[in-house]
Amino acid sequence: MGPHATHRCKDCLSGRIMSGGQAGRSSSSSGFPGFGDDMADMAQLHNGGPDGPQAPGGGGPSGPGREVPFKRAKRCKPYERPSSVSRNAALDRERQVMSMPWFGMDIGGTLAKLVYFEPKDITPDEANSEIETLKNIRRYLTKNSAYGKTGHRDMHLQMDNVEVRGRKGTLHFIRFPTSEMGNFLELAKSKGMATLVTTVCATGGGAFKFEDSFQREVNMKLMKFDELDSLIRGILYIETNNPTECYYFADPTSDDHCQKVPYDLSNPYPFLLVNIGSGVSVLAVHGPNKYKRITGTSLGGGTFLGLCCLLTGCNTFEEAIELATGGDNTKVDKLVRDIYGGDYGKMGLPGDLVASSFMGMCSFGQMNTKERRANVSREDLARATLVTITNNIGSIARMCASNEKIHNVVFVGNFLRVNPISLKLLAHAMEYWSNGTLKALFLEHEGYFGAVGCLLGFNGFLS
Ligand SMILES: Nc1ncnc2c1ncn2[C@@H]1O[C@H](COP(=O)(O)OP(=O)(O)OP(=O)(O)O)[C@@H](O)[C@H]1O
Ligand SMILES: CC(C)(CO)[C@@H](O)C(=O)NCCC(=O)O
């Protein structure tokens, strides 16, 4: 589609974006088959530290001041024979983590993601010696799809017959709002978790925030992992284990011809990774242990949900997306053609491009603003909010990809859950504004990679 063509896709409307390895299988000294000792290196390599103060301009992308150039992998320390005390502590750790049940948890700003590994290769001896509590927990998790009022198992994402830490089994994917952590811990307690000696692998900000509550309420130790290390590790693992994990959209703007097409991501590097959670992190990934966080923005999925609730009175993400699906952002936004009467041809800006988000709502925007406001529905407001947030993220992603000279842009995070409008908008934007040189890629397990990555990890834990 050329710059002057009209953008007619109902999913995108005028929401065009402006301006725009394989997981290791080797055995390792950790004793966890499938994982090398690369996590420790990874922790040293990445720029995972806190970002420093918010850049001026508030919600915009965190600026170049936050960039930290690639650090070279530190050389391994010369081998020192571990003392018997530290050896015992390490063995203790390993024993705790290896004892079932195996969970990986990513406790984010909005959603907590819990990945449960159900072993399917249990020997008769093991089955006999397994305590009742453990059997009950397994039954409870695998036979239900809802837990309490707000916990859900995403059954369509379940992965059977996978290998984790040398065992064969099934991965189950469960989520609940982080705000319900108190109830989650209550539930875990009521199922007898506190009677098991358990260490849970955990990541995300909540692994730090809720560490004491886990210990106090359910006698669980958290083995903490960095969220971005875990994210990448999880992506590589799931991509390796699911041949249809990665896809792109062919013809994203066409209602009739738009198609989801599988994409082979087995040689992924380099790629730009855009994680759209409550906030957004943008990473340049050059190898399994080699990445940097380029930038981020606080205008993310949390912003969409917050603004949408304020503007429309809706209460859930699902409701917000449903409203947006029936809305028209051109009733709310000001388009290039509202300013130019048509295209701004010299700069390649088509008339149906959003020139200014939400400007149609403000008093100096239009002569007939009052009537216009009266004509705007909740659906239109939801759509405009979704398009605004998506466009902004797309624009940042595009600039980062071009600065880093990277062509594949992988979008993940739960903002993309049940959200084909944003998926297609991002797909179109990457392609259109790069003259076809950038490709937007998406992954089926959207928001679960961090939880999977830390379930797999052992080396590289933070404490
Ligand atoms: N059922 C849901 N409830 C709330 N938000 C949802 C839901 N489903 C999808 N979302 C969207 O996903 C976003 C959270 O995504 P995700 O779980 O990837 O991030 P997070 O880990 O909570 O946040 P962060 O990584 O920034 O700490 C929400 O802000 C919202 O836009
Ligand atoms: C703070 C995190 C990393 C928590 O997951 C995420 O919400 C984020 O990347 N926020 C954007 C922060 C910024 O760079 O402006």
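Modeller: A polar contact is a pair of N or O atoms within 3.5 Å; within protein, one must be able to donate a hydrogen and the other to accept it, and residues adjacent in sequence count only if both atoms are side-chain atoms. This is a predicted model, where local features need pLDDT of at least 70, side-chain atom pairs count only at pLDDT 80 or more, and totals for chains, interfaces and linings use all residues. Residues are numbered from 1 along each chain as its sequence is written, chains are lettered from A and ligands numbered from 1 in the order in which they are written, and side-chain values use heavy atoms, with hydrogens and water left out.

Colleague: Which side chain has an N or O atom 2.6 Å from a nitrogen atom of ligand 1?

Modeller: Ligand 1 has 18 residues around it (a heavy atom within 4 Å). Among those that come nearest are Gly109, Thr110 and Lys113. Serine 278 puts a polar side-chain atom 2.7 Å from an oxygen atom of the ligand. The side chain at 2.6 Å from a ligand nitrogen belongs to arginine 417.

Colleague: Which residue has a polar backbone atom 3.1 Å from an oxygen atom of ligand 1?

Modeller: Here the protein atom is in the backbone, and its partner is a ligand oxygen. The residue is glycine 302.

Colleague: How much area do domain 1 and domain 2 bury between them?

Modeller: The bounds, from an automatic or database domain assignment, are 96–238 + 451–457 for domain 1 and 246–332 + 376–443 for domain 2. The contact (heavy atoms within 4.5 Å) takes 12 residues from domain 1 and 16 from domain 2. Buried area is the accessible area (1.4 Å probe) that two parts lose on being put together, summed over both. Of this area, 69% is on carbon and sulfur atoms, and the total is about 1,100 Å².

Colleague: Which element gives the most to the side of domain 1 that touches domain 2?

Modeller: Helices (H or I, at least four residues) and strands (E, at least two) are DSSP runs, numbered from the N terminus. β2 (111–119) and α8 (227–241) each supply at least two residues of that side. Leu228, Ile232 and Ile235 lose the most area there, together 45% of what the side buries. With six residues, the top contributor is α8.

Colleague: How many salt bridges are counted between the two domains?

Modeller: A salt bridge needs a side-chain nitrogen of Lys or Arg within 4 Å of a carboxyl oxygen of Asp or Glu. Two residue pairs are in polar contact between the domains. The count of salt bridges is zero.

Colleague: Which residue follows methionine 100 across a cis peptide bond?

Modeller: Omega is near 5° at this bond. The residue lies in the loop between α2 (84–98) and β1 (102–107). It is proline 101.
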